[in-house]
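Trainee: I would like to go through the reasoning behind some labels. Please show me the model.

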Amino acid sequence: MELTKKQNELYRCFLVEKPKILVAAGAKRAGKTHIFILSFLTHIAQFEGQGLSFIIGGATQASIKRNVLDEMELLLGKELKLSKSNAIEVFGNKVYCFDGANADSWKKARGFTAAGALLNEGTALHDSFVKEVISRCSYNGSRILIDTNPENPVHRVKTDYIDKDGQRLANGRLNIKAFHFSLFDNTFLDPEYVESIVASTPSGMFMDRDIHGLWVSAEGVIYKDFNQSIHFITSVEAETVNFTKYYAGVDWGYEHHGSIVVIGEDDKENAYLLEEHAKQHEEIDYWVDVAKRIKERYGNIFFYCDSARPEHVKRFKRERLKAVNGRKEIVAGIEEVGRSFKRNELFIVEDNVSRFKEEIYMYVWNETTGLPVKQWDDVMDALRYAIYTHNYRKIISGRR
Ligand SMILES: Nc1ncnc2c1ncn2[C@@H]1O[C@H](COP(=O)(O)OP(=O)(O)O)[C@@H](O)[C@H]1O
Ligand SMILES: [Mg+2]
């Protein structure tokens, strides 16, 4: 099998230096998981027919399937059937698949004796799960492989493993080795595809992390690619757009502004923020009224809502509004909105917004938490729920 230069370096280290913990950290699509699947299979093959246990950890069973098992099937040339206990049979051994995103996920690995583990997307796993899996790998010759995208530089995956790159055990054996990957390391990707990914990655933190694979903290204004001379249009201009779909985003608020935004989509999948409703100190009756009038103007459209107030979502439903919980993954949602600005696929009807004009420049990262500062975020949240939830299927299936 052909490998990239970086994958070859890593594989050589895996075979020759045999570090106990090997980390591949860096950009998305850089070829990290691919080389780890190969390494993991090489490792399991050494114990052929011994009926030992191995672990694959990922955020969810679905992400394990998507990121690891599908590609493993291609490499092995056979279908991998999960047993009732979420295990697969590989070279006469059992490989258990554990979802490790939650605070109590570590309990799944408790009591295990494993001869190796592959941990996919390390920063999406709970720290206690990562540590439990490592401590369960007590069989002689066990190896642990962790692939990860970068996050805040204070993340435990970085401070506990990557920053200890080169650490040796008392007997001289290499304990931890870390490799850095950038998108440009994956020479198997079509150059046009790489160019289009770079062109659509939001500037700042997302470019540094997703493309260059760097552990940088989030800082400054969140939507760095917003440019009013490009992204503001007038309502007169909006009248010439051929809209094919409408939907809305809802962020509940009382002391903070409550907010509903209406989005129109055209036949080229560009999105337009057509209406902004943002108000402080209004009760749910007021918002029902706003939403009903939106329904009169645009039809029976989806309202993608903040799920933090289920009673409000229920009330909308009782009022025959098509309200559903929006997807709330903050950083992923921001990345999608940022990508839409970067690609000039999201426009704002300037004369229909006021709060937006302030928030877009006041919406900033909290450098310590790596999340937005919870201020000047009300219209931003409604916009994010709308855009991210609407595009979610396309994003997950790689069509965006
Ligand atoms: N050596 C290789 N040969 C062929 N295709 C590869 C190779 N390495 C990676 N790829 C492909 O590139 C894409 C991204 O690789 P992947 O390992 O999933 O990246 P990452 O885990 O860094 O996000 C996948 O479609 C994968 O199959
Ligand atoms: Mg991967």
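Mentor: Start with the second largest pocket of this predicted model. Its lining residues divide into eight nonpolar, five polar and nine charged.

Trainee: What makes Asp251 and Lys374 count as charged?

Mentor: Asp and Lys belong to the charged class by definition. Both Asp251 and Lys374 are among the residues nearest the pocket centre, with Asp377, Asp381 and Tyr385. Tyr counts as nonpolar, so Tyr385 goes into that class.

Trainee: How many residues line this pocket, and what is its volume?

Mentor: The lining has 22 residues. The volume is about 410 Å³. Strand E16 (371-372) and helix H14 (378-396) each give two or more residues to the lining. H14 supplies the largest share, four residues.

Trainee: Now ligand 1. Why is the pair between Lys32 and ligand 1 called a polar contact?

Mentor: The cut-off is 3.5 Å between N or O atoms. A polar side-chain atom of Lys32 lies 2.7 Å from an oxygen atom of ligand 1. That is within the limit, so the pair qualifies.

Trainee: Which backbone atoms pass the test?

Mentor: A backbone N or O atom of Arg29 lies 2.7 Å from a ligand 1 oxygen. For Glu2, a backbone N or O atom lies 2.9 Å from a ligand 1 nitrogen. Both are within 3.5 Å, so both count. The protein covers 71% of the 560 Å² of accessible area that ligand 1 has on its own.

Trainee: What makes up the shell around ligand 1?

Mentor: Four nonpolar, five polar and five charged residues. Helix H2 (residues 32-45) gives the largest share, three residues.

How values were computed. Residues numbered from 1 in each chain as written. Chains lettered and ligands numbered in written order. Predicted model: local features only at pLDDT ≥ 70, side-chain atom pairs only at ≥ 80, totals over all residues. Heavy atoms only, no water. Polar contact = N/O pair within 3.5 Å; in protein donor to acceptor, adjacent residues only side chain to side chain. Areas by Shrake-Rupley, 256 points an atom, 1.4 Å probe, with all protein chains shown as cover. 1 Å grid on protein atoms, 1.4 Å probe; cavity = no way out; pocket = protein on both sides within 12 Å on 5 of 7 lines; lining within 4 Å. Points joined across faces, edges and corners; volume = space filled by probe spheres on them.
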